[in-house]
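Trainee: I should like to work through this structure with you, one region at a time. Please bring it up first.

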Amino acid sequence: MKELITVTLHVLFTDPFSITKSLLQTMGHTPFFLLSNLQSFWPSLFVIITCFTIVIKTLRSNFIENYSKRQKRNLPPGPKPWPIVGNLPEMLANKPVYKWIHSLMKEMNTEIACIRLGNSYVIPVTCPTIASEFLRKQDATFASRSLSMSSELLSGGYSTTIFVPFGDRWKKMKKIITNDLLSPHKHLWLHDKRTEEADNLMFYVYNKCKMVNDGVSGLVNVRSASRLYCGNLIRKITFNTRYFGKGREDGGPGFEDVEHVDTLFDLLNYIYAFSVSDYMPCLRGLDLDGQVKKMKEALRIVKKYHDPIVQQRIKQWNDGLKVDAEDWLDVLISLKDADNNPSLTLEEINAQIIELMLATVDNPSNAFEWALAEMINQPELLHRAVEELDSVVGKDRLVQESDIPKLNYVKACAKEAFRLHPIAPFIPPHVSMSDTMVGNYFIPKGSHVILSRQELGRNPKVWNEPYKFKPERHIKSDGSDVVLTEPHLKFISFSTGRRGCPGVMLGTTMTVMLFARLLHGFTWSAPPNVSTINLAESENDILLAQPLLAIAKPRLAPNLYQL
Ligand code: HEM
């Protein structure tokens, strides 16, 4: 009986509207009837009680039996949930949530856990064998995404790719992204735009080297410089422009571009951020943690830059002023379906562009900042990377994309940064589309499986000296090519399977060019009076606690840095 009450309350609390709706549907009445016919109060009460009994019986036969079955089956280990709210109280009391989840798993000595948050089972995983079971062996079952307030807002009501549950909409968008924006052919097509931005990065950092700040020359904020490069590059390939405003003569960003990239990073903070309303949908309207308000403001800022360009461009195509595609926006506008109608609506284009920007700015810039911090503390690694660059590229020209296959050590540095310092603790949730077993554990339909980028890469059973930045661990003795993908999920770079990242080629190119250009073009060291770079992580995320400041000295002929 206690269980019956708990489950009934659970359903009423998490989805009260469906109960009311089914009550009214069963009765064939409208809410107005209940309010307006007070004189027929007793008959109404009788009908309500009868219906309530029917609902409870239905619940008993369906939901409760399933619920009890789940309880009896062997879920992965986890903290004992409270009635209705599950482990939400602990989640709210232990921030940041990713630290709580990881320490809980360590306390329980488990590499897979089951934490009930409100009405959802959340399944964190820190072991590559179990991770492969989810995303390789049973990939088709785990190819959906969870619904959340942040993903709904960001994706314009689930009309994009990353945040969209499995179904026709996701299939349509993933096909477009993969075939029309990120194919090898399109990659080649955008080569010159990427090179322009890599050249601009060198020009900007070179100009920084000539400046003196507080008596120190060549002080570079590496976080800003690498985010600047990623932001410039994605604006260039999407909108065919580096700057939303006038930019700066030294190659630096204008106010508009700083605001744009900073806001993209703000938005990234809210994605799948364990908001309480994601697990208790009835609380959504209350915006208890203020996330909706903050996200709407951030989206307003991003749209203020994007929307006018998109609208003007659509007009140019409609007026026949544009006939050739020059960037991703043109491609998205000019796509046609089988009946020769536009494949995408304005809303879909707008939402998809924001998502592509978010997917592009974060990983490469974070990897370079961390890697450089680690390498300044181990100068022999810097030395080895520069030696490779000098032997492959020489000192008479800048690194080009065609050099990438030969830069195994530089790629190993980037790969090591992805392993040890991923941008986010977890990948986006993969949601199970049916009940299944993984290992000996029962995984109920609708579970949110979250692979831990942080703990897979630091798992001591997989990696020796897991906390040491050691690029050479990725170099094979047969000299074969180092690639940044890791399909066996010993750590996560681009993930794998149906929901794997379609941006491997662009992501790899951007990351390696950022590393190679900056390591080849400048000698890096810690600022004066700093003996070693502090490698502490931020309190609330896994970025470097303080943006990396380092001294850069040009090491190539001055004319090579000019545009
Ligand atoms: C170094 C750069 C990048 C890294 C490390 C990276 C990593 C990831 C990861 C871990 C996922 C989640 C996969 C999963 O849920 O299993 C993902 C998904 C995705 N990424 Fe990337 N990504 C990068 C660059 C890009 C770029 C440049 C684009 C496109 C412009 C892109 C587009 C996407 C999309 C559309 C998805 C969602 C796929 C889906 O849900 O079906 N990514 N990426």
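Trainee: Which residues of helix 13 are buried?

Mentor: The buried residues of helix 13 are D257, H260, V261, L264, L267 and Y270. Here a residue is buried if 20 or more other C-beta atoms lie within 10 Å of its own, exposed if 12 or fewer, and partly exposed in between, with C-beta atoms placed from the backbone. Helices (H or I, at least four residues) and strands (E, at least two) are DSSP runs numbered from the N terminus.

Trainee: Before we go on, what kind of model is this?

Mentor: It is a predicted model, in which local features need pLDDT of at least 70 and side-chain atom pairs count only at pLDDT 80 or more, while totals for chains, interfaces and linings use all residues. Residues are numbered from 1 along each chain as its sequence is written.

Trainee: Back to helix 13, then. What covers its buried residues?

Mentor: The cover includes helix 8 (149-154), helix 12, helix 15 (291-318) and helix 17. Contact means that the C-beta atoms of two residues, placed from the backbone, lie within 7 Å.

Trainee: How far does helix 13 reach from its first C-alpha to its last?

Mentor: Helix 13 has 16 residues and reaches 23 Å, close to the 22 Å expected at 1.5 Å a residue. The expected span is 1.5 Å times one less than the number of residues. Just after this helix, Y272 takes a positive phi of about 45 degrees.

Trainee: Where is F274, and what is its phi?

Mentor: F274 sits in the loop between helix 13 (255-270) and helix 14 (276-279). Its phi is positive, about 55 degrees, although F274 is not a glycine. F274 counts as buried because it has 21 C-beta neighbours inside 10 Å.

Trainee: And helix 12, how many of its residues are buried?

Mentor: In helix 12, 17 of the 18 residues are buried, so this helix is largely enclosed by the rest of the structure. Helix 12 (residues 222-239) should span 26 Å at 1.5 Å a residue, and its end C-alpha atoms are 25 Å apart, which agrees. N240, just after helix 12, has a positive phi of about 55 degrees.

Trainee: Which other residue has a positive phi without being a glycine?

Mentor: I84 is one of them, with phi near 65 degrees. I84 lies in the loop between helix 4 (41-72) and helix 5, and it counts as partly exposed because it has 19 C-beta neighbours inside 10 Å. As background, most residues other than glycine have a negative phi, and most peptide bonds are trans.

Trainee: Then where is there a cis peptide bond?

Mentor: A cis peptide bond joins K95 and P96, with omega about -5 degrees. P96 is in the loop between helix 5 (88-93) and helix 6 (97-107).

Trainee: Changing topic: how many residues does the largest nonpolar core have?

Mentor: The largest nonpolar core has 124 residues, and V410 and F515 have the most contacts inside it. Helix 17 (residues 346-377) gives the most to this core, with 15 residues. A nonpolar core is a set of buried Ala, Val, Leu, Ile, Met, Phe, Trp, Tyr and Cys residues joined through C-beta atoms within 7 Å.

Trainee: What is F515 in contact with?

Mentor: Leaving aside neighbours within four places in sequence, F515 is in contact with F368, A371, V410, C413 and A414.

Trainee: At what angle do helix 17 and helix 19 pack?

Mentor: Helix 17 and helix 19 (residues 408-420) pack at about 105 degrees, with their axes 9 Å apart. A367, W370, A371 and M375 in helix 17 meet C413, A414, E416, A417 and F418 in helix 19.

Trainee: One more region: is S432 buried or exposed?

Mentor: S432 has 22 C-beta neighbours inside 10 Å and therefore counts as buried. S432 lies in the loop between strand 6 (430-431) and strand 7 (436-438). Not counting neighbours within four places in sequence, its contacts are T141, F142, I443, K445, G446, S447 and V449. The C-alpha atoms of S432 and V449, 17 residues apart along the chain, are separated by 7.6 Å.

Trainee: And T532, is it buried or exposed?

Mentor: T532 counts as exposed because it has 10 C-beta neighbours inside 10 Å. T532 is in the loop between strand 10 (522-525) and strand 11 (549-554).

Definitions and conventions. Axes fitted to C-alpha atoms, helices over the stretch in contact; angles between N-to-C directions.
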